[in-house]
Amino acid sequence: MDVTPWTPVAPETWATATWPLGAHVTGSGATFAVYAPDATRLQLEFFDQAVGADAIATFLPAKGSDGVWRANIDGAGALTLYGYRVWGSNWPHTEDWVPGSDAGFVADIDERGNRFNPNKVLFDPYALEVTHSMYSDSILTTGLDGGAFGTGGDDYRGLPRRQADTARIAPKGIVIALTSPTFAKPRLAPEGAAIYEASVSQLVGHPSIVHLGSLLRREPGFEDVVDIPEEYIGTYKGVGLMVPYLKALGVTTLELLPIHETNNSESSREGHTNSWGYMTLSFFAPNRNYSHDKSPGGPTAEFQEMVSAFHAAGMEVYLDVVYNHTAEGGNWNGDPNTVGFTSLGGFAAADYYVMTSSHAMVDGATGTSNQLNYSSPAAQQMVLDSLRHWTQEMGVDGFRFDLATVLGRKPNEADRDDWANQKRFFNDHPLLVAIAEFAEREHIEVIAEAWDLWGYEVGNFPRGWGEWNGRYRDAVRRFCKGDGNTSVFLDMVNGDHHHFADNGGPQKTINFIDAHDGFNLADLVSYQEKVNDQPYPFGPSDGGSDDNLSWNSGGDQALRRQRLRNFMTTLYLSRGLPMFVAGDEFARTQNGNNNPWELHSLAMWNNYEMIPTNAPQRVPVAPGMDDAHYHDNLGTYETEPHVNGQFRFTTFLANLRQRHEALRSKQYGDFIPDDTDVSYLFHTPMLGGHPQEGDRALSVHINSPCDNFFAMFNMADVPVEFQPVGAGEGRVWRRLIDTASWAEPSCNHWEEGTGMILDGTITVQPWSIVVLHDTPAPDGSREIPVWTDLIHAPEE
């Protein structure tokens with residue numbers, strides 16, 4: 001770092017300045033601004049290294065009438081490391097205070113719930129990069145550990161914990177001079193999106209990516225996929241190089257699990273890992289561990305480069321964001337006096353966090369003791385500022401909000417211990433409305449996980465929001481294991497009209513059958529119960545739902561493969577936006593673990609060795625992991641040895657949707673056939689009426705002005721005869737998809753216009769789906785065989 005002397009610029013103007021929150025580079029230095037309305041003194045400190053050193057310069061910002069403390073420091077330019085110390089009424093400043101002392105201490109908590117402690121160096125909540133996390137291995141090199149971050153009076157190495165000075169271990173903010181590249185955002189039609197959910201590690205953390213291009217050399221359409229250099233394993237750089245793979249697969253949008261800076265040990269120390277990233281430290285800083293270039297400024301530039309690679313291919317990037325809680329705080333050992341604030345809470349705990357009347361941190365809706373308070377204008381503004389940064393400066397195209405219902409609550413409008421009213425959800429909450437308005441202005445998508453531990457609000461978010469549709473997940477899981485929940489299944493296939501018709505169309509329901517938490521698709525058809533207590537690398541994991549609506553298919557491997565195809569077929573034929581999890585496309589298994597949130601394990605990440613084989617779950621887990629094995633739940637596909645039937649099938653389905661407007665409808669139909677809209681028309685197998693509750697066999701006619709599809713679902717355990725509707729004048733029905741095991745040699749699909757013409761009644765095998773596609777009738781120039789019954793078919 002350049003240690004040119006720093007000097008304050010016109011300090012007499014700081015109290016009336018209006019510089020924005022965060023650190024912003026000027027011509028020869030930077031402005032600094034942080035919100036701390038109840039603080040009585042702030043000290044801005046500069047460092048020449050992230051860990052192991054004390055500050056080399058300090059300044060005293062001035063407080064404005066808006067509760068923001070500001071300073072303008074010449075010489076503190078790009079890549080400067082900085083932090084803050086804060087005093088308040090519970091710990092007023094005295095001249096004899098020195099780092100590590102208790103001079104001036106009155107109490108750990110003030111009358112509003114703030115925990116000001118000048119011994120704890122804080123990083124700027126608006127810092128665009130952060131040097132490291134509270135779990136960083138580098139902290140241990142100083143002789144201290146994470147226990148030093150705590151406040152309170154319990155013992156830490158012979159002194160009250162509140163006296164432990166954290167200057168040498170605290171994460172520091174980094175001044176970043178943004179390049180603000182011009183992003184050529186594709187702005188895809190919302191109804192055309194198809195989402196692939198993955199973490200950076202899950203997508204590019206496995207060593208098989210080094211041979212990715214070679215592994216896919218025999219896969220049609222994947223010719224542009226390249227081998228990814230080893231040094232890019234687990235990085236934004238590596239993700240950018242996955243664009244040809246995802247493009248060929250047929251998805252349009254990569255939804256990344258959280259990439260905001262989070263608590264995680266670089267060496268995956270036990271108890272200090274968080275593989276999924278749902279414990280955010282900074283809402284503005286990219287996770288440094290995911291960057292190949294870890295130097296100051298490197299993560300920001302590399303992330304921008306990754307997003308640009310997707311845009312260049314006409315694809316989009318969404319981020320999973322966790323604005324409901326943070327990684328700091330919590331009542332250590334149940335004691336409200338002892339918390340581990342390193343940022344937000346150290347500046348303005350009373351504004352940013354929900355607390356009880358006794359100022360204990362609240363975890364009711366999120367399960368973590370640091371729930372954010374969206375009665376607070378400061379908290380609301382932080383979310384909007386964060387979204388603006390990631391949208392405008394980092395190029396992101398959309399956001400999925402974890403436990404988004406927390407953003408629709410108003411804790412200050414009820415007594416702090418009135419839990420019934422604390423749990424109220426307000427779909428007109430000003431933050432939810434402001435986010436929707438921001439999304440419309442910026443042409444981005446915002447998607448809610450519309451539930452938390454306090455409530456389930458799917459379909460209840462304001463207009464402009466999309467939502468993960470948990471009802472869709474549950475209904476499809478149940479119907480496809482034979483529960484006969486017919487009415488709700490048909491509602492979900494038709495885009496959940498009741499809940500989304502007034503919210504802009506079916507593209508606002510995000511249809512999914514699995515997600516990062518819970519069984520992945522291959523395990524959903526293979527296990528009755530979760531298997532989370534197994535040894536590393538497939539466990540152990542805590543938590544995880546006990547109610548998975550799964551069925552192990554009676555142990556029948558062929559049936560498991562068939563049911564995988566049923567799920568994918570249902571997903572891609574339903575109104576709404578399809579989403580599946582990384583690895584579902586080639587039948588990745590987690591050996592029954594349904595909650596590996598903290599497992600930093602190769603066994604949980606995409607192993608692309610599974611693609612060029614018809615026995616995907618028999619490949620080795622990874623080089624050097626000879627004692628670990630995937631459970632072979634699926635057996636062998638009846639395909640050529642180098643062909644993964646699930647991969648070929650999923651690729652076909654995903655690209656089929658991109659080719660046919662009827663499968664990407666942006667409006668609901670009127671149930672009148674052969675008019676100007678896309679209608680989903682439901683029938684009993686022999687067209688005798690509308691399906692009734694308990695029916696396990698039914699048909700869905702997707703009727704559009706362009707072309708038509710006729711899907712026959714048989715979730716009974718016996719064959720069922722179906723009668724398709726007429727194909728129309730000059731048109732014929734051709735077989736497009738048959739998920740039954742007999743069709744595995746053809747990977748269960750035929751390109752449009754190539755499948756056998758079908759006429760008369762059709763027998764659909766147990767637990768399978770047959771999809772027909774109407775095409776122009778042959779011109780009569782040559783004899784075309786017609787398949788009249790799939791069981792008693794003529795020889796071809």
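## Two helices and their lengths

The expected span of a helix is 1.5 Å times one less than its number of residues. Let us try this on the predicted model in front of you. Helix H5 covers residues 298-312, which is 15 residues, so a span of 21 Å is expected; the C-alpha atoms at its ends are 21 Å apart, in agreement with that. Helix H9 (residues 430-442) has 13 residues and should therefore span 18 Å, and its end C-alpha atoms are indeed 18 Å apart.

Which residues of H9 are buried? They are Leu431, Leu432, Ala434, Ile435, Ala436, Phe438 and Ala439. An α-helix has 3.6 residues a turn, so residues three or four places apart point the same way. The buried residues of H9 pack against helix H7 (377-393), strand S18 (398-401) and strand S19 (445-448). In H5, the buried residues include Pro299, Phe303, Met306, Val307 and Phe310. Each helix is followed by a residue with a positive phi: Gly314 just after H5, at about 75°, and His443 just after H9, at about 60°.

## The barrel

Now look for the ring of strands. Eight strands close into a barrel, in the order S13-S14-S17-S18-S19-S22-S23-S24, and their pairing is parallel. On average, neighbouring strands of this sheet are turned by 25° against each other, direction ignored. Strands of a sheet pair through backbone hydrogen bonds, either parallel or antiparallel.

You can follow one of the joins yourself. Strand S13 (residues 195-198) runs parallel to strand S24 (residues 577-581), and three bridges join them. Here Glu197 stands opposite Val581 in S24. Helix H14 (residues 557-573) lies across S24 and strand S23 (509-512), running at about 150° to S24.

## A buried leucine in a loop

Leu257 sits in the loop between strand S14 (253-256) and strand S15 (260-262). Is Leu257 buried or exposed? Its relative accessibility is 2%, so Leu257 counts as buried, the cut-off being under 20%.

Leu257 also shows how a chain can bring separated residues together. Leu257 and Leu319 are 62 residues apart in sequence, while their C-alpha atoms are 6.5 Å apart in space. Leaving aside neighbours within four places in sequence, Leu257 is in contact with Glu197, Ala198, Ser199, Trp276, Tyr278, Asp320 and His516.

## An open sheet

Not every sheet here has to be read as a ring. Five strands form an open sheet in the order S5-S4-S8-S12-S9, with antiparallel pairing. Its edge strands are S5 and strand S9 (129-130), each of which pairs on one side only. S4 and S5 run antiparallel and are joined by three bridges. In S5, Phe59 is the bridge partner of Leu44.

## Aromatic rings and charges

Rings of Phe, Tyr and Trp count as a pair if their centres lie within 6.5 Å. The count comes to 37 aromatic pairs. Why is the pair of Phe46 and Phe59 called edge-to-face? Their ring centres are 5.8 Å apart and their planes meet at 65°, and planes over 60 degrees apart count as edge-to-face. Phe46 lies in strand S4 (residues 41-47) and Phe59 in strand S5 (residues 57-59), so this pair ties together parts that are 13 residues apart in sequence. Both Phe46 and Phe59 are buried. They belong to one aromatic cluster with Trp6, Phe32, Tyr82, Tyr84 and Phe347.

Another pair, Trp451 and Tyr456, is stacked, at 5.5 Å centre to centre with 20° between the planes. Trp451 is buried, with a relative accessible area of 14%, whereas Tyr456 is partly exposed at 41%. Arginines meet rings too: Arg561 lies over the face of Tyr637, at 5.3 Å from the ring centre, and Arg735 lies over the face of Trp750, at 4.1 Å from the ring centre.

## Unusual backbone spots

Some backbone details in the loops deserve a look. The peptide bond from Tyr536 to Pro537 is cis, with omega near 15°, and a cis bond also joins Gly539 and Pro540, with omega about -10°. Pro537 is found in the loop between helix H13 (521-524) and H14, and Pro540 is in the loop between H13 and H14.

Asp496 has a positive phi of about 50° although it is not a glycine. Asp496 lies in the loop between helix H11 (486-493) and helix H12 (497-500), and Asp496 is buried, with a relative accessible area of 3%. Phe671, in the loop between helix H15 (645-659) and strand S25 (679-683), has a phi near 70°, again a positive value in a residue other than glycine.

Technical notes:
Residues numbered from 1 in each chain as written. Predicted model: local features only at pLDDT ≥ 70, side-chain atom pairs only at ≥ 80, totals over all residues. Heavy atoms only, no water. Helix = DSSP H or I, 4+ residues; strand = E, 2+ residues; numbered from the N terminus. Buried < 20%, exposed > 50% of the residue type's maximum accessible area, 1.4 Å probe, protein only. Phe/Tyr/Trp six-rings, centres within 6.5 Å; stacked < 30°, edge-to-face > 60°. Lys NZ or Arg CZ within 6 Å of the ring centre and 35° of its normal. Pairing = 2+ DSSP bridges. Axes fitted to C-alpha atoms, helices over the stretch in contact; angles between N-to-C directions. Contact = heavy atoms within 4.5 Å.
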